[in-house]
Amino acid sequence: MLEESLKWRTAYRPEDIRWPEISVESETGKMYRASFVDREGRTVVIMRPAKQNTSSHEGQVRFLVYTLENAILSLPEDQEKMVWLIDFTGWTLANATPIKTARECANILQNHYPERLAIGILFNPPKVVKHFLDPKSIQKVNFVYLKNEESMKILHKYIDPEVLPVEFGGKNNVVYSHEEYSKLMVKDDIKMASFWASDTKTDHVNKVINEHSVPEVTQQSSLVAAKAS
């Protein structure tokens with residue numbers, strides 16, 4: 001699995017994706033890194049599937065990968081996993097992600113970002129969503145409904161109501177601004193480039209991967225894997 005991920009990262013170069021390339025995907029705020037963290041200091045990624053705004057398969061996939069890489073870069077040193085807050089308000093099967101795109105995204109998440117999800121919070125999800133979740137994912141997912149006080153306690157268990165946006169039943173009046181978020185991502189692109197600047201032996205990694213020799217995957221491939229995780 002590690003060898004396959006090294007091949008994928010070498011070919012896809014997720015660390016080289018930059019904001020200008022995928023910013024159009026974020027214009028409606030359908031997915032972004034929240035300005036707040038959960039009670040354990042973990043990065044929170046907010047997803048709003050009802051706000052899908054493009055039909056580009058490649059664009060949507062690269063946007064997901066970019067957001068994941070950015071979320072990982074933003075994690076504190078003592079944390080390895082993130083929190084997903086998925087808002088299904090207004091979502092229907094009519095604006096659901098195409099099956100091809102959904103499958104590729106699921107493949108990337110499962111095979112190249114394993115165990116990165118600490119907890120998933122599905123906000124106002126329709127019952128049909130349960131049928132799309134595999135048994136392993138269900139164990140990490142919480143179904144929360146704004147009008148259900150008991151389920152809201154679950155959300156507040158993970159995220160302090162003081163920092164949680166009003167639209168999620170919190171007290172924070174913050175709203176998504178594509179302009180402000182773009183400024184933040186441009187700065188983060190610089191951080192990303194700096195973070196990977198020490199990756200100076202890519203040719204050696206390519207040689208190792210092409211030879212399919214696991215024992216040869218030494219220091220540099222370990223560095224790539226460590227940075228990805």
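Is Arg13 buried, partly exposed or exposed? With a relative accessibility of 25%, Arg13 counts as partly exposed, because the buried class stops under 20% and the exposed one starts over 50%. Keep in mind that this is a predicted model, so everything here is read off computed coordinates.

Let's step back and take in the whole chain before returning to that arginine. The protein chain has nine helices and five strands. Going along the sequence, you meet them in the pattern α-α-β-β-α-β-α-β-α-β-α-α-α-α. There are 229 residues in the protein chain, and 44% of them count as buried. As for how the chain comes together, take the contacts between residues at least 6 apart in sequence: 70% of these join residues at least 24 apart.

Now to the start of the chain. Helix α1 runs over residues 2–12, and its buried residues are Ser5, Leu6, Trp8, Arg9 and Tyr12. These five sit on the same side of α1, because the arc they cover around the axis is only 165°. Right after α1 comes Arg13, which belongs to the loop between α1 and α2 (19–22). Its backbone deserves a look too: phi of Arg13 is positive, near 50°, in a residue other than glycine.

Arg13 has company further along. Asn124 also has a positive phi, near 55°, and again the residue is something other than glycine. You'll find Asn124 in the loop between β4 and α5. Its relative accessible area is 24%, which makes Asn124 partly exposed.

On to the interior. In general, nonpolar side chains of soluble globular proteins tend to be buried together. Here, the largest nonpolar core has 48 residues, and those touching the most other members are Val44, Ile46, Trp84, Leu85, Ile121, Leu155 and Ile159. By element, α3 is the top contributor to this core, with eight residues.

Pick Ile159 from that group and look at what surrounds it. Setting aside neighbours within four places in sequence, Ile159 is in contact with Phe36, Val37, Asp38, Arg39, Val44, Ile121 and Leu164. Two of those names, Val44 and Ile121, appeared among the well-connected core members above.

Ile121 also leads us to Asn142, a residue of strand β5 (residues 141–144). Not counting residues up to four places away in sequence, Asn142 touches Ile119, Gly120, Ile121, Leu122, Ile154 and Tyr158. And is Asn142 itself buried or exposed? Asn142 is buried, since its relative accessible area of 16% falls under the 20% cut-off.

Finally, the empty space. Where it is left can be seen by rolling a probe the size of a water molecule over the atoms. The largest pocket holds about 1,600 Å³ of space. It is lined by 43 residues, and the ones closest to its centre are Trp84, Ile86, Ala102, Ala106 and Leu109. Elements giving two or more residues to the lining are α3 (57–74), β3 (82–87), α4 (99–112), β4 (117–123) and α5 (135–138). Of the elements, α4 gives the most, with eight residues. Sorted by class, the lining has 27 nonpolar, eight polar and eight charged residues. Trp84 is worth a second glance: it is one of the residues closest to the pocket's centre, and it is also among the core residues that touch the most other members.

Conventions:
Residues are numbered from 1 along each chain as its sequence is written. This is a predicted model: local features need pLDDT of at least 70, side-chain atom pairs count only at pLDDT 80 or more; totals for chains, interfaces and linings use all residues. Side-chain values use heavy atoms; hydrogens and water are left out. Buried means under 20% relative accessible area, exposed over 50%, partly exposed in between (1.4 Å probe, protein chains only). Helices (H or I, at least four residues) and strands (E, at least two) are DSSP runs, numbered from the N terminus. The arc is that of the directions from the helix axis to the C-beta atoms. On a 1 Å grid over the protein atoms alone, a cavity is a set of points where a 1.4 Å probe fits but cannot get out, and a pocket is an open set with protein on both sides within 12 Å along at least five of seven lines; lining residues have an atom within 4 Å of a point. Grid points are joined across faces, edges and corners, and a volume is the space filled by probe spheres set on the points. Ala, Val, Leu, Ile, Met, Phe, Trp, Tyr, Cys and Pro count as nonpolar, Asp, Glu, Lys and Arg as charged, and the others, Gly among them, as polar. A nonpolar core is a set of buried Ala, Val, Leu, Ile, Met, Phe, Trp, Tyr and Cys residues joined through side-chain atoms within 4.5 Å. Contact means heavy atoms within 4.5 Å.
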